[in-house]
Amino acid sequence: MTVKVEEIRVEPGRARLAKLYGDHSASAFRLAYLLTGDADLAEDLVQDAFVKLIGRFADLRGPGSFDAYLRRTIVNLSYGSFRHRRVERAYLARTRGLASRAADGLPDVEGRDQLWTQLQRIAPRQRAALVLRYYEDL
């Protein structure tokens with residue numbers, strides 16, 4: 001069952017909010033789409049901005065300032081989404097780097113055994129010098 005927008009009943013107290021939404025939602029969507037480049041995210045930002053502004057509706061100075069508050073709220077919400085994306089990308093890069101190091105860092109047991117047998121063949125003072133130089137970085 002589809003319902004047209006004109007058929008939706010609006011409570012008398014909410015008629016002003018419905019009018020504000022109808023007047024400003026298209027321009028708010030265009031701004032959000034311009035900032036994000038993603039239609040779904042732009043719709044979410046517009047909805048979140050209207051929800052935030054409805055909570056502060058009584059604090060607005062005048063009906064003419066609603067547009068400015070709405071634009072500023074959309075810009076701030078877009079900054080928040082960009083911050084969230086940056087944190088996600090940094091986390092993914094960090095975990096991707098750890099995974100590649102774990103895969104590349106398989107121990108070379110045969111090479112380690114050969115090195116150990118060669119170290120056992122040299123004199124103790126030379127062995128100590130090699131260990132201090134290459135393993136202890138002194």
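These legends describe close-up views of a predicted model.

**View 1. The whole chain is built from helices and no strands.** This predicted model has five helices and zero strands. From the N terminus on, its elements run α-α-α-α-α. Of the 138 residues in the chain, 17% are buried. Consider the contacts between residues at least 6 apart in sequence: 54% of them join residues at least 24 apart.

**View 2. Helix 1 crosses helix 2.** Helix 1 covers residues 15-36, and helix 2 covers residues 39-55. Two packed helices are described by the angle between their axes and the distance between the axes. Here the axes come within 8 Å and cross at roughly 135°. An angle from over 115 to 145 degrees counts as oblique, so helix 1 and helix 2 are oblique to each other. Their crossing is right-handed.

**View 3. Side by side, the residues that join helix 1 to helix 2.** Helix 1 brings L17, L20, Y21, H24, S25, A28, F29, A32, Y33 and T36 to the contact. Helix 2 brings A39, L41, A42, E43, L45, V46, Q47, F50 and I54. By class, the contact has 14 nonpolar, four polar and one charged residues.

**View 4. F29 and Y33 form a stacked aromatic pair.** The structure holds three aromatic pairs. In the pair of F29 and Y33, the ring centres are 6.1 Å apart and the planes are at 20°. Both residues sit in helix 1, four residues apart, so about one helical turn separates them. F29 has 28% relative accessibility and therefore counts as partly exposed. Y33, with a relative accessible area of 41%, is partly exposed too.

**View 5. F50 and F66 form a tilted pair between helix 2 and helix 3.** A pair of aromatic rings is described by the distance of the centres and the angle of the planes. The centres of the F50 and F66 rings lie 5.9 Å apart, and their planes are at 40°, so the pair is tilted. F50 belongs to helix 2 and F66 to helix 3, which spans residues 66-104. The two residues are 16 apart, and their pair links distant parts of the chain. Buried means under 20% relative accessible area. F50 is buried, at 6%. F66 is buried as well, at 3%.

**View 6. Y21, F50 and F66 form one aromatic cluster.** Y21 and F50 also take part in the contact of helix 1 with helix 2. F66 lies in helix 3.

Terms used: Residues are numbered from 1 along each chain as its sequence is written. This is a predicted model: local features need pLDDT of at least 70, side-chain atom pairs count only at pLDDT 80 or more; totals for chains, interfaces and linings use all residues. Side-chain values use heavy atoms; hydrogens and water are left out. Axes are lines fitted to C-alpha atoms, for helices over the stretch in contact, and angles run from 0 to 180 degrees between N-to-C directions. Angles under 35 degrees count as roughly parallel, over 145 as roughly antiparallel, 65 to 115 as roughly perpendicular and the rest as oblique. A crossing is left-handed if the near helix is turned anticlockwise from the far one by less than a right angle, and right-handed if clockwise. Contact means heavy atoms within 4.5 Å. Ala, Val, Leu, Ile, Met, Phe, Trp, Tyr, Cys and Pro count as nonpolar, Asp, Glu, Lys and Arg as charged, and the others, Gly among them, as polar. Rings of Phe, Tyr and Trp (its six-membered ring) pair if their centres lie within 6.5 Å; planes under 30 degrees apart count as stacked, over 60 as edge-to-face and the rest as tilted. Buried means under 20% relative accessible area, exposed over 50%, partly exposed in between (1.4 Å probe, protein chains only).
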